[in-house]
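Colleague: Please take a close look at one part for me, the shell around the ligand. Put it in the setting of the whole chain.

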Amino acid sequence: MVIFAPMFDFFVIGAGLSGSTLAWRLINGGYKIKVFDKPKLNISSNIAGGIINPLTGKRTALTWKAHDIFDELHKFYPETENKTGISFFKLMPTYKLFESRFEQNEWLNKSAEKNYNCFFENIPEYLDQSKINNPFGSLLIKETAKLDVKKYLNTLHNFLLNQNSIEFCMVENLKIGNNSVTFNGEKAKAVIYCDGTFATQNHYFSYLPHKPVHGEVLEVEIENFYNDRMINKGIFIIPQYKNKYIVGSTYNWNIKETVTTQNGRDELEKKLFNLIKLPFKIVNHFAGIRPSTNDRRPFLGKHPGYENVFIFGGMGSKGVSLVPYLSKVFINYISGKGKIPSECDISRIK
Ligand SMILES: Cc1cc2nc3c(=O)[nH]c(=O)nc-3n(C[C@H](O)[C@H](O)[C@H](O)COP(=O)(O)OP(=O)(O)OC[C@H]3O[C@@H](n4cnc5c(N)ncnc54)[C@H](O)[C@@H]3O)c2cc1C
């Protein structure tokens, strides 16, 4: 008797924030898929602070497509919590502490800018000076939230396990044919790479201008500090549970391995020491590599030479915010119902 293996619609390679979210949406959209993930590789998602913030970067600029991205994520995460019965998403205000009176005035002027001012309160907030150095007040950023990334990924992995749709192994030597892709005797019509920084070594997508960025975070214990808000001044302080906080993060374009460094630890420790007035204890130190790109836009689309090889990656330092919106856009694209925005379509790279 010959047993025919089922033909999947897609293989998804990687189950970090990108692959897991895409897989969740694909299955809920009726697609037959199989996800492969090799745990314990460099997985950026495992150490992500989980910050969701529309005003980012050194200049605190409004993030790309902020309105679309924030509308979608504020729907997607609560809906996924409802469907799974597990909570991992929390609205949490962010206080961006001003460096100077000049910066404070600049922000008061920005409050007149339409499109922008819906994301912040223009009244400077002064935090408790016995806890933190805050001589110039702070901007209260709205729409910010925190995703418990580990809990979110565990929830989606359990969902995939229950569906028999995930296997924990390394994908190597995938065979690409005209109408199918084959791995370990199983077949799918197409493959979607969600392999994070591993795309730099991936035969099909290493040609893209990747620019991975190493980053480190500390887990610290602080007693009687703010646990109801995220605080940003050169570093982020993100409440976890009880007296635990994540402090991050560093940016280093030269370190290629997922290793923690003394320099990274010192940099974060010094910034925290200068910022808060309470004693703290470092209890953990983690490192990861962000799947960033040369032009700071994600990599979505079809390989120029293969009809059935796709990429969904390049999320850089904003995967938590980007994946709900971009996974929706990507599924519309592969089902022929929409286009990928030109800024993140890989066809932009010649
Ligand atoms: C220090 C630091 C702090 C961060 N903080 C935040 C934050 O606060 N907010 C935010 O939005 N983002 C943050 N990020 C960025 C965020 O982590 C990334 O945007 C996001 O996690 C990328 O997810 P991904 O699924 O694309 O990649 P990854 O998380 O790296 O996942 C890729 C997966 O693919 C698997 N894989 C690769 N190749 C293969 C293969 N051949 N076979 C099988 N499996 C394979 C890997 O094992 C891995 O599980 C931070 C990153 C760092 C480093």
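Modeller: The C-alpha centres of domain 1 and domain 2 are 31 Å apart. Domain 1 covers 7–48 + 150–209 + 295–348, and domain 2 covers 93–145 + 211–290; these bounds come from an automatic or database domain assignment. Nine residues of domain 1 and eight residues of domain 2 make up the contact (C-beta atoms, placed from the backbone, within 7 Å). On the domain 1 side, two are nonpolar, seven polar and none charged. Here Ala, Val, Leu, Ile, Met, Phe, Trp, Tyr, Cys and Pro count as nonpolar, Asp, Glu, Lys and Arg as charged, and the others, Gly among them, as polar.

This is a predicted model; local features need pLDDT of at least 70, side-chain atom pairs count only at pLDDT 80 or more, and totals for chains, interfaces and linings use all residues. Residues are numbered from 1 along each chain as its sequence is written.

Now the ligand. Around it are 41 residues (C-beta atom, placed from the backbone, within 6 Å). Gly14, Gly16, Gly196, Gly215 and Gly319 come nearest. Helix H1 (17–28), strand E15 (213–222), strand E19 (280–290) and helix H6 (319–334) each give two or more residues to this shell. Helices (H or I, at least four residues) and strands (E, at least two) are DSSP runs, numbered from the N terminus. Both domains take part: domain 1 and domain 2 each supply at least three shell residues. By class, the shell has 17 nonpolar, 19 polar and five charged residues.

As for the setting, the chain has six helices and 21 strands. Its C-alpha atoms fill a box of roughly 75 × 45 × 40 Å along the principal axes.

Terms used. Two residues are in contact if their C-beta atoms, placed from the backbone, lie within 7 Å.
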